[in-house]
Amino acid sequence: MSSETLKLASDLIARPSITPADEGCQQMLIERLEAIGFDCETMIFGDTTNLWARRGQDRPVIAFAGHTDVVPPGPLDKWHSDPFTPEIRDGVLYGRGAADMKSSIAAMVTACERYLAQTPDHRGSIAFLITSDEEGPAVNGTVKVIEALEARDEKIDWALIGEPSSTATVGDVCKNGRRGSLGARLTIHGIQGHVAYPHKVDNPIHRAMPALHELARHQWDQGNKFFPPTSLQISNINAGTGAHNVVPGHAEVLFNLRYSTEIDDAHIKQTTQAILDKHELDYDIDWSLSGYPFLTAEGELLRAAEQAIQKHAGIETDLQTTGGTSDGRFIAPTGAQVLELGPVNDSIHKINEHVDVAELDRLSDIYQGILENLLS
Ligand SMILES: [Zn+2]
């Protein structure tokens, strides 16, 4: 293997670190980072191993952020090679975590190694925020590390997350924000009884339908330059006893909103409750907010990344906010600029996950270019 990035990515893939296991991945990173002057701090919360590594005392702080855990491989007989035995075929590296996101972590480490060999006296600080629980419940990972940093007033100015953001070639897409995610469990109460005696029942399904129709059709906002319009999707409706002749006593509905920065969760809750009240429902509603929306519309990090991508990949990057939530939701509320930039994502979480070998070095060069642009 010729490339240092390929070698480190392969060593990481060889460790079967299914969430929340780390399987020694972070220890490998610690050895590499300590050798180039980082102070490394392992933070264990519950079942999750996290790493906070920092080189330098001053601000600004650029933090590379990512996760060593991977999703389960699924049926092994569908894989063309063992998911935890990295294998290169026709210039492509295969293995669980190849794209999401052990290659990014390897590229971050080698970018720092080259950058520091050339610029040991950079301004500010370089940090790594690595967790082993991004793919799982994500309660003992990045969110807890950020809490610990905030408690001692340690700030991140720029967070560069290695999530696989690219579509066709590395750097063609960066994520400069993500939508918020707000879920609700709605219980509509009625009066159970025999279908033959409609005057003695209060049918919660009949009551729910017009209200749900109005919720589903409601225009929450128009979105903006970076976000599509907010959307509400009903994901579950449960009611009934299984019998034809019984009107149920209640109906339960689950729905979720992916929302833009044009609106906030308080406004969504108010509007929803106003619609339900208008339909005179007797109901309970439990909300769960799994991520605030965030957006880095402009700033030094964005400019540094755009420039480095132009220089090393020869393309203009496209900024997007699509996709699920990411750990950026925990970092952005501290005031940090947040950007996600990583390899092509078409095989993530799939059988035969892979990454183009040539793109590993390009990604590492882009990360190094970002360091040069921000800290030199
Ligand atoms: Zn990931």
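Where is Pro20 found? Pro20 is in the loop between helix H1 (4-13) and H2. Hello everyone, and thanks for coming. Before I go on, please keep in mind that this is a predicted model.

I started with Pro20 for a reason you can check on the screen. The peptide bond from Thr19 to Pro20 is cis, and its omega is near 0°. There is another one to look at: the bond from Arg59 to Pro60 is cis too, again with omega near 0°. Pro60 sits in the loop between strand E2 (48-55) and E3.

While we are on the backbone, let me show you two residues with a positive phi. Ala138 has phi near 55°, and Ala138 is not a glycine. You will find Ala138 in the loop between E6 and helix H4 (142-151). Its relative accessibility is 5%, so Ala138 counts as buried. His349 also has a positive phi, near 65°, in a residue other than glycine. The loop that holds His349 runs between strand E18 (337-340) and strand E19 (354-356). Is His349 buried or exposed? Neither label fits: with 40% relative accessibility, His349 counts as partly exposed.

Now to the aromatic rings. How many aromatic pairs does a search of the whole structure find? The search finds four, and I will walk you through two of them. Take Phe38 and Phe128: their ring centres are 5.6 Å apart and their planes meet at 75°. Edge-to-face means planes over 60 degrees apart, and so this pair is edge-to-face. Phe38 belongs to the loop between helix H2 (25-34) and strand E1 (39-45), while Phe128 belongs to strand E6 (residues 125-131). That makes it a link between distant parts of the chain, 90 residues apart. Both of these phenylalanines, Phe38 and Phe128, are buried.

The other pair is Phe64 with Tyr367. Here the centres lie 5.8 Å apart and the planes are at 70°, so this pair is edge-to-face as well. Phe64 is part of strand E3 (residues 61-67) and Tyr367 is part of helix H9 (residues 357-375), so the pair ties together parts that are 303 residues apart in sequence. Phe64 and Tyr367 are both buried. And here is the nice part: Phe38, Phe64, Phe128 and Tyr367 form one aromatic cluster.

One more ring before we move on. Arg89 lies over the face of Tyr94, 3.9 Å from the ring centre.

Let's turn to empty space. Rolling a probe the size of a water molecule over the atoms shows where such space is left. The largest pocket holds about 210 Å³ of space. Its lining is made of 14 residues, and Asp100, Glu163, Arg178, Thr325 and Ile348 are the ones nearest its centre. By type, the lining of the largest pocket has two nonpolar, six polar and six charged residues.

There is a cavity as well. The structure holds one cavity of 30 Å³ or more, and the volume of the largest cavity is about 60 Å³. Which element gives the largest share of its lining? That is E3, with three residues. Among the residues lining the largest cavity are Ala65, Gly66, His67, Met101, Leu129 and Glu163. You may recognise Glu163, because we met this residue near the centre of the largest pocket. Sorted by type, the cavity lining divides into five nonpolar, three polar and three charged residues. Two more stops and then I am done. Ser260 sits in the loop between strand E14 (250-259) and helix H6 (265-278). With 0% relative accessibility, Ser260 counts as buried. What joins the side chains of Ser260 and Asp221? A polar contact of 2.9 Å does. The side chain of Ser260 also has a polar atom 3.0 Å from the backbone nitrogen of Glu262.

My last stop is Ala308, in helix H7 (residues 300-313). Ala308 has 2% relative accessibility and counts as buried. Its C-alpha atom is separated by 8.1 Å from that of Asp365, and the two residues are 57 residues apart along the chain.

That's the tour; thanks for listening, and I am happy to take questions.

Methods. Residues are numbered from 1 along each chain as its sequence is written. This is a predicted model: local features need pLDDT of at least 70, side-chain atom pairs count only at pLDDT 80 or more; totals for chains, interfaces and linings use all residues. Side-chain values use heavy atoms; hydrogens and water are left out. Rings of Phe, Tyr and Trp (its six-membered ring) pair if their centres lie within 6.5 Å; planes under 30 degrees apart count as stacked, over 60 as edge-to-face and the rest as tilted. Helices (H or I, at least four residues) and strands (E, at least two) are DSSP runs, numbered from the N terminus. Buried means under 20% relative accessible area, exposed over 50%, partly exposed in between (1.4 Å probe, protein chains only). A charge sits over a ring if NZ of Lys or CZ of Arg is within 6 Å of the ring centre and within 35 degrees of the ring normal. On a 1 Å grid over the protein atoms alone, a cavity is a set of points where a 1.4 Å probe fits but cannot get out, and a pocket is an open set with protein on both sides within 12 Å along at least five of seven lines; lining residues have an atom within 4 Å of a point. Grid points are joined across faces, edges and corners, and a volume is the space filled by probe spheres set on the points. Ala, Val, Leu, Ile, Met, Phe, Trp, Tyr, Cys and Pro count as nonpolar, Asp, Glu, Lys and Arg as charged, and the others, Gly among them, as polar. A polar contact is a pair of N or O atoms within 3.5 Å; within protein, one must be able to donate a hydrogen and the other to accept it, and residues adjacent in sequence count only if both atoms are side-chain atoms.
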